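Work through the exercises below with the sequence and coordinates open. Each task is followed by a solution in steps.

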Amino acid sequence: MTAPRPWLHFGVLLGLAWAVTAGILFVDRWPEMGQRMFDADDAMRLVQVREFLSGRGWFDLHETRLNPPAGYDTHWSRLVDAGLAGLFLVFRWFADPELAERLMRAAWPLLLLLGAMGGASALSWRIAGRHAACIALVIAACAWPAFQHFRPGRIDHHNVQIVLALGVVAAAAWADRARHAAMLAGALTGLAVTIGLESLPFLVLSGAALTLRFARGAPESARALSQFGLAAAASTAIGFLLTVAPKDWSHPACDAIAINWLMGAGAAGIGLWVTGRRLGQAGAAVRIVAIVLAGAAASAAFILVEPRCIHGPFALTDGTVKAIWLDNVDEMEPLIGFVRGFPLVGAWMCSFPLVALVALPALARDGATRRDSGFLLAAAAFLISVALTFEAGKIYSYAMWLGVPLVAALACRLVTASGLRAGVARLAIALVLAPTTVTAAAFTVIQTTAGAGPVKRGIPERTACTRNEAYAALAQLPPGLVATEINYGPYVLALTPHSVVAAPYHRISAGLIAAHRILTAPLAEARRVVRRYDVTYVAICGRRASTGADPVEGSLWGELNAGRVPPWLEEIAGAREGLFAAYRVRR
């Protein structure tokens with residue numbers, strides 16, 4: 001009888017580790033699933049999925065209830081909606097719509113967690129062997145701070161992008177040992193670009209790693225490069241055709257897949273494919289020139305279509321919107337702001353990545369490791385994630401997951417013996433170095449030396465005003481257009497029949513500015529904006545904004561907080577029972 005392959009045994013271990021972890025997360029989060037949505041993006045995604053299930057066309061991503069009458073064209077991918085909708089339909093076989101929707105919201109991130117654990121383990125196996133992959137499973141199962149986007153209820157697109165980034169990096173690292181790994185890396189690259197651009201640095205890095213191997217003349221590098229290039233170009237083109245409406249094929253965008261991204265990715269992919277196919281036996285100089293030409297062609301194709309996009313995904317966003325909204329978004333705040341102002345939050349984000357940073361030079365002391373292309377790619381991906389976290393705190397989740405293989409490899413390096421005792425020792429090291437353990441230790445030190453630390457302003461209001469019960473009374477009012485704080489817009493859409501002036505999305509500049517002016521401008525200007533937008537209700541939750549800002553004195557919000565209701569508004573009796581103070585605009 002043929003012995004089972006090692007990866008079959010490991011697949012069983014992966015399934016068990018995931019099942020235990022997912023079960024714990026499910027039990028922990030399920031009681032809250034019917035009481036709140038955990039993020040504005042989760043609420044907005046749910047609105048989008050509901051409309052898709054109710055018969056919206058595949059390419060119809062226009063939200064008429066947001067920023068009417070113009071509406072809102074989302075930059076989110078329909079592919080995520082399709083996955084969620086399919087899951088909902090499966091649960092409808094045995095559950096009523098309400099329960100099926102809750103199960104869908106719970107199961108989706110847990111299924112993606114399996115992909116994250118698998119990707120981190122695959123990368124660990126590549127750089128340090130099967131024992132490291134097993135240790136990575138233990139670390140990933142004990143990674144509470146890394147579960148931010150994988151807890152039940154998280155149905156936005158960040159978790160998908162994390163999983164795809166891990167998959168691309170792992171597949172690219174395996175390209176020198178597994179025949180079709182480079183093709184998989186290319187296919188996942190196109191899928192990742194189709195879903196969103198957050199993981200773009202890791203996709204580019206993986207392609208660059210394969211390109212450098214080819215430039216050095218490494219064995220089988222030409223085949224790997226050509227496979228990656230062709231797969232990346234093809235999958236990006238397929239993603240474009242599947243998710244971009246034909247009427248928008250000629251329209252560029254900086255924040256989502258569009259013609260400029262298709263041209264850039266297509267030129268790069270085809271260039272790499274031709275280079276790998278035709279120049280596998282050429283000299284180093286010829287290879288390097290060909291690579292430079294392919295990169296230049298891709299850059300030119302991208303820039304010529306829409307030059308402004310070189311400034312990033314928000315390049316086309318109104319400057320006023322950046323000042324009144326984007327600069328106050330938590331996930332865009334630099335890491336140093338969290339560390340200085342909120343030490344416990346900083347410890348949550350930094351503790352495990354710091355362990356991985358220590359592991360990196362320890363592993364690099366070995367000469368063979370330093371020369372291993374898989375290790376160099378894993379190290380570079382991790383360091384890029386750390387650098388990007390300093391720019392925007394939301395990237396810390398990537399640093400968590402990309403740090404797992406490095407810490408797992410270090411645990412293997414510390415115990416090189418074989419046998420039961422060595423396995424137990426590795427397990428003990430994995431548990432000590434796991435994110436949950438090191439973060440708990442950091443919390444203990446901080447609380448012992450500096451106390452509990454401050455709570456970020458606006459968090460109490462945000463916690464109360466994002467619960468489903470907060471919208472119960474508002475939902476009973478006849479449908480109308482609601483002006484409320486920007487960050488609560490998606491909850492109004494998901495939990496009431498109303499429309500909203502704005503929500504926290506950069507493509508609706510006019511609505512964002514209008515909603516901000518209604519609440520923060522002097523009464524006369526607020527009234528003009530309310531009349532111009534034909535607002536039905538003004539709804540206020542809490543005495544300060546979810547960002548922690550206090551209402552401006554003399555503004556509509558400030559006056560309402562002081563109990564001075566202007567004559568063009570009337571307070572709706574009983575509305576405060578749902579935490580929102582609602583006011584009807586007098587006609």
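**Exercise 1. The strand S5**

Which residues of S5 lie on one side and which on the other, and are they buried or exposed?

Solution. The model is predicted, so local features are used only at pLDDT of at least 70 and side-chain atom pairs only at pLDDT 80 or more, while totals for chains, interfaces and linings take in all residues. Residues are counted from 1 along each chain as its sequence is written, and side-chain values rest on heavy atoms, without hydrogens and water.

Step 1. Fix the terms. Strands (E, at least two residues) and helices (H or I, at least four) are DSSP runs numbered from the N terminus. Buried stands for under 20% relative accessible area, exposed for over 50%, and partly exposed for what lies in between, with a 1.4 Å probe and protein chains only.

Step 2. Sort the side chains. In a regular strand, side chains alternate between the two faces of the sheet. In S5, Tyr537, Ala539 and Cys541 are on one side, and Val538 and Ile540 are on the other.

Step 3. Read the burial. Residues on both faces of S5 are all buried, and the count is 5 of its 5 residues.

**Exercise 2. The sheet around S5**

Give the strand order of the open sheet and locate S5 within its pairing.

Solution.
Step 1. The order is S4-S3-S5-S7-S6, an open sheet of 5 strands with mixed pairing. The edge strands, each pairing on one side only, are S4 (499-500) and S6 (569-571). Two strands pair if DSSP finds at least two bridges between them.

Step 2. Take the S3 side. Strand S3 (residues 481-483) pairs with S5 in the parallel sense, over 2 bridges. Valine 482 is opposite tyrosine 537 of S5, and alanine 483 has valine 538 as its bridge partner there.

Step 3. Take the S7 side. Strand S7 (residues 580-585) runs antiparallel to S5, and 5 bridges join the two. Cysteine 541 has phenylalanine 580 of S7 as its bridge partner.

**Exercise 3. Backbone exceptions**

Where does a cis peptide bond occur, and which loop holds proline 69?

Solution.
Step 1. The cis bond joins proline 68 and proline 69, with omega of about 0°. Proline 69 sits in the loop between strand S1 (62-63) and strand S2 (72-73).

Step 2. Turn to positive phi at residues other than glycine. Glutamate 220 has phi of about 65° and lies in the loop between helix H8 (200-216) and helix H9 (221-243). Aspartate 534 has phi of about 55°; its loop runs between helix H24 (523-533) and strand S5 (537-541).

Step 3. Check accessibility. Glutamate 220 counts as partly exposed because its relative accessibility is 47%. Aspartate 534, with a relative accessible area of 47%, is partly exposed.

**Exercise 4. Two buried residues**

What do threonine 275 and alanine 392 touch beyond four places in sequence?

Solution.
Step 1. Contact requires heavy atoms within 4.5 Å.

Step 2. Threonine 275 belongs to helix H10 (residues 259-278) and is buried at 5% relative accessible area. Its contacts are Phe214, Leu225, Gly280 and Ala290.

Step 3. Alanine 392 is in the loop between helix H16 (373-391) and helix H17 (396-414), and its 8% relative accessibility makes it buried. It contacts Glu331, Met332, Glu333 and Pro334. Glycine 337 is 55 residues from alanine 392 in sequence, with the C-alpha atoms 10.0 Å apart.

**Exercise 5. The whole chain**

Why does a radius of gyration of 26 Å agree with a compact globule?

Solution.
Step 1. The globule rule is 2.2 Å times the number of residues to the power 0.38, and the radius of gyration is taken over C-alpha atoms. For 587 residues a compact globule would come near 25 Å, so the 26 Å of the protein agrees. The C-alpha trace spans about 80 × 55 × 50 Å along its principal axes.

Step 2. Count elements and burial. The protein has 25 helices and 7 strands, and 54% of its 587 residues count as buried.

Step 3. Look at sequence separation. Among contacts with a separation of 6 or more, 70% come from residues 24 or more positions apart.
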